[in-house]
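Here's a quick walk through this model, from helix packing to a couple of odd backbone spots. Have the structure open and follow along.

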Amino acid sequence: MENIVKSSKSDSVKIIAYGDLCWGYGFVNFDKALYFGNEELRLAKKFNNQESIALAYSDIGNTYTRVNKFKEALENHLKAYTIRDKLGLKVKAVGSLSNIAVIYKQQGRYDEAIEYMTKALKIYEENGEEVKQAIVLVNIGNIYRNYKKSVISKSYFERAILLSKKNNSTSTLTNAYSGMLLYYFEAKNYDQALKYANLAVGLTKSSNNKNDLATIYNSIGQIYFEKGHYAEAMKFYNQSLQFRLFMKDKLGEASCYKNIGLCYSKLKNYPEAEKNINKSINYFIELDAKDYLREAYNNLSKVYEDKEDLEGSLNSYKKSVALKDSIYNKENADKINELQIVYETEKKEQQIKLLNADNKVQKLEVAKRNIMIWIIAGTFVFAILFSFLLYNRYKLKQESKLQAEVIKQQDLATKAVLIAEENERKRIASELHDGLGQMFSAVKMNLSGIAENLDFKDEHDEKMFGKTLNLVDESCKEVRVIAHQMAPNVLLKSGLTAAIRDFIDKIDARKLKINLETFGLNERLDQNVETVLYRVIQESVNNVIKHAKANSLDIQLNKDADGIEAMIEDNGKGFDTSLSENFNGLGLKNIISRVAYLKGSVDFSSEPGRGTLVAIHIPLVA
C-alpha cells in the first residue's frame, strides 16, 4: 500500500490509500497510523472534498480511540459528524454517532452513550447493515453490564454473536465473545468465561490484532487471579503489558501495572507490589483517569493490609473512597478499559457503491438486448394478467374488510371485559369501604360503648374483650387496604407514577427492596393506558412476592416518541420460559392479555437461578 502511495500520481488514489494505511496501522503502530491519517486529511482539505475530510477526521478519531486518548478522539469524531450531517450523509453520519457514543461511555456519560447507540442501532437496522448492528449491540450490552442488568446485557451479546457469524465478521465476533467473557466473569462462572476468552484469542491471533489481544489477555489474567492461580495470572498480565507498551497505550499500561501489583501482593512480594501499583497511580493521575485511580488506591490498601501496615491501608482506602464520591453520579464506574470498536471504513463503502454501479450498467445492457422479447411476451399475457389482478384485488378487499371487522370485534370484546373488570373492582371496593367498612366501624364504636358499662369477672375476660376490640380495629384497616388496592384513588387523582409509588411504599422494604425509576412521565397518560399499566405492574410485583423469593426488584418506566417502555427485573429464582406450564397461571395470562389490549408487546426473559425480566412496550397513538 505504501508503494502505491509513492508511485501514484493521482491525489484521489493517495487519499484512499492514506486512509487504508491509517486504518491498518491503527491496530499495530499508533504513530504511523496518526501520520497517515493526517496526510489523508491534508490532501482532502487541499481539494476541499468535504466527504473525504469527514472520512479523514473519522479515521484519525478511531486511531486515538484505540490508544484510549478519548479527548482527541471525541474532537475528531464530532468534526466528522458535523460535516456528514450537513451533507445529508445519513449512513456515514450514524457511523460517527456510534463512535461518539462509545467515547461518552468511556467518559462515564452513560445516559448520552446509550441514547446515541440506540439511535445508531435503529438506523443500521433500517439499512440492513448487520455488521454495524453487531458492533452497536456489543456496546449497548457492555453499558447494561456496567449497570448490573445482566440478563439484558447477555441478550445483546448473543444477538451480536449471531449477526457476526452470519456475516463472517471476525473482529465484531471477537468483541461479542469478549462481552460474554466479562458477563460470565462477573457471574463468577470462570469456566464459561475462559471458554469465551479462548474463542476470542483464536480469532484475534488470526488477524494479529494486538489491541484486542492485550484486552483479552488482561481479562484472562483477571480470571486466573479470581481462581487463586496468581502465577498464571501474572503471565497473562505481562503478555498484555507487552502489547500495551508496543502500542504506547498509557492507560492500558497503567491498568496492567495495577493488576500485576496485586498479584505480587498475593505472592507476598510486597516491595514489587507497591512499586507496580504506585507506577499505575502516577499514570492514572497524569491521565486524569479517576475511576481507575480509585481502584488503584483500593488495591494499594489491600497490599498494605496483606503486609499488616494498617495505617497505610487506611490512608489508601480513604483516598479511594474520596475519589469514589467525586466521580460523576455513578456508583460503579468502568473498571476495564478493554472495549474495542471496529467500524467498516467509509472508503470501502464507496468502492462497493462503484462496483454496484458497474453491475447496474451491465444489467442494463443485457436488458436492452432482451427488451423486444419481453414486450412481445408482455403484450400477450397482459390481458389475462390484468383480469386476474382485478379479481384478486376485489377478493383481497373483501378479505381485508372481514379481517378488520374481526379485529374490531375482538378489540371491543377485550375492552368490554377490561372495563367490566375495572367497574366490578370499583363496585366491590365501594361496597367494602361504604358497607362492610362502615359496619365494622359501628361494631367497634358499640363495643367501645359497652365496655364502659361491663363488669368483667376477672382480668382474663377483660383482656379477651380488649383483643376482640383490636381484631375489629384490624379488620377495619384491612377492609380499607383491600378497597384501596382494588380501586386506588391516587391513580385517578395523581396519575400512574404516584399510584405505583403509593403501592410499593406499602410493601415491607426489609423483605423486598423496590427501586422505581421513571423518565418522560411528567404529563398524564390516557386513563385506559394508566389503568392497564398499573394493573400489569401490580400483578408483576405480586408474582415476585408470591413466587420469586427475591429481595430486590427494579422497575423502570420510560416514555418517548415511540411509546412507553416498562422494565421489571428481580433477582429471584427465575423460571424456564420454554415450559408452557409456567404461562398457564392467571397472573402471566392477565399481563399478556392486558398489554395486547393496548396493541403492545411483552417479553419474559428468565433462567432458573438468574432472576426474571419482564419487558413491556406500549405504542402511543396520537
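At what angle do α10 and helix α12 pack, and how far apart are their axes? Keep in mind that this is a predicted model. The angle between α10 and α12 (residues 210-226) is about 15 degrees, and their axes are 11 Å apart.

## The α10 and α12 pair

Two packed helices are described by the angle between their axes and the distance between the axes. An angle under 35 degrees counts as roughly parallel, so α10 and α12 are roughly parallel to each other. The crossing of these two helices, α10 and α12, is left-handed.

To find the contact on screen, pick out T174, N175, S178, L181, L182 and F185 in α10. They meet D212, I216, S219, Q222, I223 and E226 in α12.

## The whole chain

Stepping back, the chain has 23 helices and five strands. Of its 622 residues, 45% are buried. Among contacts with a separation of 6 or more, 61% are between residues 24 or more positions apart.

## Two nonpolar cores

Which residues have the most contacts inside the largest nonpolar core? They are I140, I220 and F284, in a core of 101 residues. Helix α10 (residues 170-186) supplies the largest share of this core, with nine residues.

Apart from it lies another core, this one of 39 residues, including V490, A548, L553 and I618. Back at I220, leaving out residues up to four places away in sequence, this residue touches L194, A197, V201 and F236.

## α14 and its two partners

Now for α14, which packs with α15 and α16 here. The axes of helix α14 (residues 250-266) and helix α15 (residues 270-287) come within 7 Å and cross at roughly 155 degrees. That makes α14 roughly antiparallel to α15, and their crossing is left-handed. The contact draws on many residues, among them L251, A254, Y257, I260 and G261 of α14 and A273, I277, Y283 and F284 of α15. F284 is a name to recognise, as it is also one of the residues with the most contacts inside the largest nonpolar core.

With helix α16 (residues 290-306), the axis of α14 comes within 9 Å, and the two cross at roughly 15 degrees. α14 and α16 are therefore roughly parallel to each other, and α14 passes α16 in a left-handed crossing. Here L251, K258, L262, S265 and K266 of α14 make contact with Y292, E295, A296, N299, K302, V303 and D306 of α16. L251, K258, L262 and S265 also appear in the contact with α15.

## Checking two helices

Does helix length add up? Let's try α2 and α6. At 1.5 Å a residue, the 15 residues of helix α2 (residues 11-25) should span 21 Å, and the end C-alpha atoms of α2 are 21 Å apart, which agrees. The buried residues of α2 are I15, A17, Y18, G19, D20, L21, C22, W23 and Y25.

Helix α6 (residues 90-106) has 17 residues, which at 1.5 Å a residue should span 24 Å; its end C-alpha atoms are 25 Å apart, which agrees. Of those 17 residues, 15 are buried, so α6 is largely enclosed by the rest of the structure.

## A44 up close

A44 sits in helix α3 (residues 30-46). Is A44 buried or exposed? Its relative accessibility is 0%, and being under the 20% cut-off is why A44 counts as buried.

Setting aside residues up to four places away in sequence, A44 touches I15, N49, S52 and I53. I15 is one of the buried residues of α2. The C-alpha atoms of A44 and S12 are separated by 8.4 Å, although these residues are 32 residues apart along the chain.

## Two lysines with positive phi

Most residues other than glycine have a negative phi. K248 has a positive phi near 60 degrees, and it is found in the loop between α13 (230-247) and α14.

K549 also has a positive phi, of about 55 degrees, although it is not a glycine. Where does K549 lie? It is in the loop between α22 (527-548) and β2 (552-560). At 73% relative accessibility, K549 counts as exposed.

Note on methods: Residues numbered from 1 in each chain as written. Predicted model: local features only at pLDDT ≥ 70, side-chain atom pairs only at ≥ 80, totals over all residues. Heavy atoms only, no water. Helix = DSSP H or I, 4+ residues; strand = E, 2+ residues; numbered from the N terminus. Expected span 1.5 Å × (residues − 1). Buried < 20%, exposed > 50% of the residue type's maximum accessible area, 1.4 Å probe, protein only. Core = buried A, V, L, I, M, F, W, Y, C linked by side-chain atoms within 4.5 Å. Contact = heavy atoms within 4.5 Å. Axes fitted to C-alpha atoms, helices over the stretch in contact; angles between N-to-C directions. Parallel < 35°, antiparallel > 145°, perpendicular 65-115°, else oblique. Left-handed = near helix turned anticlockwise from the far one by under 90°.
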